[in-house]
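Hello,

Below is the structure I said I would send over. My notes on it follow; please read them with the coordinates open.

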Amino acid sequence: MLTQSLTSDIHVMDRVLADYHAVDFSSCTDEDVLEALSAQTTSIRDFAALLSPCAGKYLEQMAAKAKALTEQYFGVNKCLYTPLYIANYCVNHCSYCGFNCTNKIHRAKLTMEEIEQEAQAISSTGLREILLLTGESRFHSDVEYIGEAVKIMRRYFNTIGLEVYPMDVSEYEYLHSLGADYVSVYQETYDRDVYDKVHISGPKKVYDYRFNALERAIQGGMRGGGLGALLGLSDFRRDAFGSGLHAYWLQKKYPAAELSFSVPRLRPYVNNDDNQSGVGDRDFLQVILAYRIFMPFMGFSLSSRENAAFRDNCAALAPTKISAGVKTGVGGHSEEEKGDVQFKTSDERSVDEIYNALLKRGLQPVFNDYVYIIDAV
Ligand code: SF4
């Protein structure tokens with residue numbers, strides 16, 4: 001039976017997995033979906049109904065509600081950002097990723113001078129939010145290396161996110177003290193068996209340490225975190241449900257944390273053109289609408305894994321952040337990419353092109369949605 005509690009002494013992983021294992025989408029009925037759509041606040045039970053196959057025929061109603069909630073909480077603002085890969089070394093063998101340590105690709109790591117050049121090139125487009133990525137290798141990209149990169153970013157950007165290997169609280173504290181704002185850690189799949197199977201070797205095999213990383217980041221002072229499941233690895237409804245629960249219980253325990261969903265779908269990568277998600281556009285849409293209705297105040301990032309037309313069509317419904325001018329190889333903003341890409345993007349538009357496309361739809365692209373009154377550095 002699905003449970004909800006207001007206790008402040010929450011063991012997030014236990015709560016998530018209890019509901020994750022209990023859910024039965026096949027038992028959800030039309031009445032359940034209609035009840036969820038008319039509810040003032042959306043319960044976990046409602047969330048399950050909105051993700052169920054039965055809700056597939058109510059996408060129009062879900063879209064109308066999601067759009068209204070997005071406007072209620074965020075207006076028509078869409079914050080633009082871009083990822084910057086400063087390295088692509090990785091010690092993990094994840095079956096679905098181009099950076100996996102067995103894949104024969106060109107590896108690289110930027111020097112501090114090169115990182116500064118990238119920061120200058122990106123900031124000249126107007127962007128003020130950056131997401132730094134390294135692949136997951138403590139050996140090649142140690143915490144000090146990431147910290148030096150954060151210091152440079154702080155001179156050019158208002159908001160700095162990190163998508164690196166999971167760390168201990170003290171390491172998050174250190175990176176936050178240098179100016180990092182938030183951390184993204186994707187669980188990829190909440191199904192332990194599938195998790196073990198697709199993470200063939202490397203430290204990422206340890207499910208629990210990864211699961212608890214966002215909590216450690218918040219305890220380390222980060223003001224927010226990004227999370228999501230990689231749709232296509234396992235049953236996408238269950239994984240979307242697990243990710244929603246993860247956000248829900250984290251938010252219950254840390255009400256001030258600024259959390260953000262992402263909904264990546266598997267994409268082809270170098271030496272593997274067959275890496276496809278099998279999750280269709282309608283299914284993807286159902287997931288993002290269900291997320292928005294379940295947690296209307298949460299951030300939502302829409303990546304360039306999705307194509308330009310689809311991103312534009314989804315922009316008003318749930319996203320609050322949209323990536324632009326994206327490169328998924330190492331560097332690539334100031335000169336040619338120095339290392340191979342993590343995955344093939346579907347939307348290669350520049351910052352200007354995406355900015356104008358949003359304006360045409362009556363949306364307001366913004367470069368910064370956060371102001372430090374007292375600088376953290
Ligand atoms: S998903 Fe992350 S940990 Fe896995 S191979 Fe890719 S970069 Fe490395």
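**What was found**

The protein chain contains 14 helices and eleven strands. Please keep in mind that this is a predicted model.

Overall dimensions: the C-alpha atoms fill a box of roughly 60 × 45 × 45 Å along the principal axes. The radius of gyration of the protein chain is 20 Å, which agrees with the value near 21 Å that a compact globule of 377 residues would have.

Ligand surroundings: the ligand has around it three cysteines, Cys90, Cys94 and Cys97, together with Asn92, Phe99, Asn100, Gly135, Glu136 and Lys204. By class, this shell is made up of four nonpolar, three polar and two charged residues.

One helix pair: H2 covers residues 30–38 and H3 covers residues 44–51. Their axes lie 8 Å apart and make an angle of about 120 degrees. Angles of 65 to 115 degrees would count as roughly perpendicular and those over 145 as roughly antiparallel, so H2 and H3 are oblique to each other. Their crossing is left-handed.

Which residues meet where H2 and H3 pack? From H2 they are Asp32, Val33, Glu35 and Ala36, and from H3 they are Asp46, Ala49 and Leu50. This contact has four nonpolar and three charged residues, with no polar ones.

Regards

How values were computed
Residues numbered from 1 in each chain as written. Predicted model: local features only at pLDDT ≥ 70, side-chain atom pairs only at ≥ 80, totals over all residues. Near = placed C-beta within 6 Å. Nonpolar A, V, L, I, M, F, W, Y, C, P; charged D, E, K, R; others polar. Axes fitted to C-alpha atoms, helices over the stretch in contact; angles between N-to-C directions. Helix = DSSP H or I, 4+ residues; strand = E, 2+ residues; numbered from the N terminus. Parallel < 35°, antiparallel > 145°, perpendicular 65-115°, else oblique. Left-handed = near helix turned anticlockwise from the far one by under 90°. Contact = placed C-beta atoms within 7 Å. Rg over C-alpha atoms; globule rule 2.2 N^0.38 Å.
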